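Trainee: Could we go through this one together, starting with the strands and then moving on to the helices?
Mentor: Gladly; here it is.

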Amino acid sequence: MTLKITGRHMDVTPALRSYVETRLSRLDRYGLKVGSLQVILGVEKLQHKAEVTGIVSGKRVQAKITTPEMYATIDALVDRVDAQFRKVKERLVSHKPDKPKKRTVAS
């Protein structure tokens with residue numbers, strides 16, 4: 001998984017970069033084919049914003065979140081992306097049984 005982290009109206013510190021990388025590394029457990037993820041971190045007034053976009057197994061994954069604290073924003077963002085990864089994985093590995101064949105009534 002290639003990860004691109006950029007900052008909007010802020011500098012991305014090495015500590016912040018490593019935190020994002022470690023939090024997003026938990027998405028590897030789904031075993032999906034991830035092309036690349038782009039994470040944009042920003043500050044606007046007193047709100048910390050984070051957004052992620054990317055392609056996972058042919059499906060677009062996108063999430064945005066805003067909170068007053070950057071690390072909490074990253075945690076909430078990863079939770080949202082995790083839910084989307086789970087949904088993509090469930091669709092790929094469907095556990096629904098096949099539809100039963102139509103029964104005919106003998107007369």
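**Strands first, then helices**

Mentor: Let us begin with one pair, in which Gln 38 stands opposite Thr 53 in strand 3. Keep in mind that the model is predicted, so local features need pLDDT of at least 70 and side-chain atom pairs count only at pLDDT 80 or more, while totals for chains, interfaces and linings use all residues. Residues are numbered from 1 along each chain as its sequence is written, and side-chain values use heavy atoms, with hydrogens and water left out.

Trainee: And what stands opposite Leu 41?
Mentor: That is Ala 50 in strand 3. Strand 2 (residues 34-44) and strand 3 (residues 47-56) pair in the antiparallel sense over nine bridges, where pairing requires that DSSP finds at least two bridges between the strands, and strands are DSSP runs of E with at least two residues, helices being runs of H or I with at least four, numbered from the N terminus.

Trainee: Which residue takes a positive phi in that hairpin?
Mentor: Lys 45 does, near 55°, in a hairpin with two residues between strand 2 and strand 3. In the hairpin of strand 3 and strand 4, which also has two residues between the strands, Ser 57 takes a positive phi near 50°.

Trainee: How many strands are in the sheet, and in what order?
Mentor: The sheet is open and has four strands in the order 1-2-3-4, with mixed pairing. Its edge strands, each pairing on one side only, are strand 1 (2-8) and strand 4 (59-67).

Trainee: Switching to helices, how do the axes of helix 1 and helix 2 cross?
Mentor: They come within 10 Å and cross at roughly 25°, with axes fitted to C-alpha atoms, for helices over the stretch in contact, and angles running from 0 to 180 degrees between N-to-C directions. Helix 1 and helix 2 are therefore roughly parallel to each other (under 35 degrees; over 145 is roughly antiparallel, 65 to 115 roughly perpendicular, the rest oblique).

Trainee: Any aromatics there, and how are the rings of Tyr 19 and Tyr 71 placed?
Mentor: The structure holds two aromatic pairs, a pair being rings of Phe, Tyr and Trp (its six-membered ring) with centres within 6.5 Å. For Tyr 19 and Tyr 71 the centres are 4.8 Å apart and the planes stand at 80°, so this pair is edge-to-face (over 60 degrees, with under 30 stacked and the rest tilted). Because Tyr 19 lies in helix 1 and Tyr 71 in helix 2, the pair ties together parts that are 52 residues apart in sequence.
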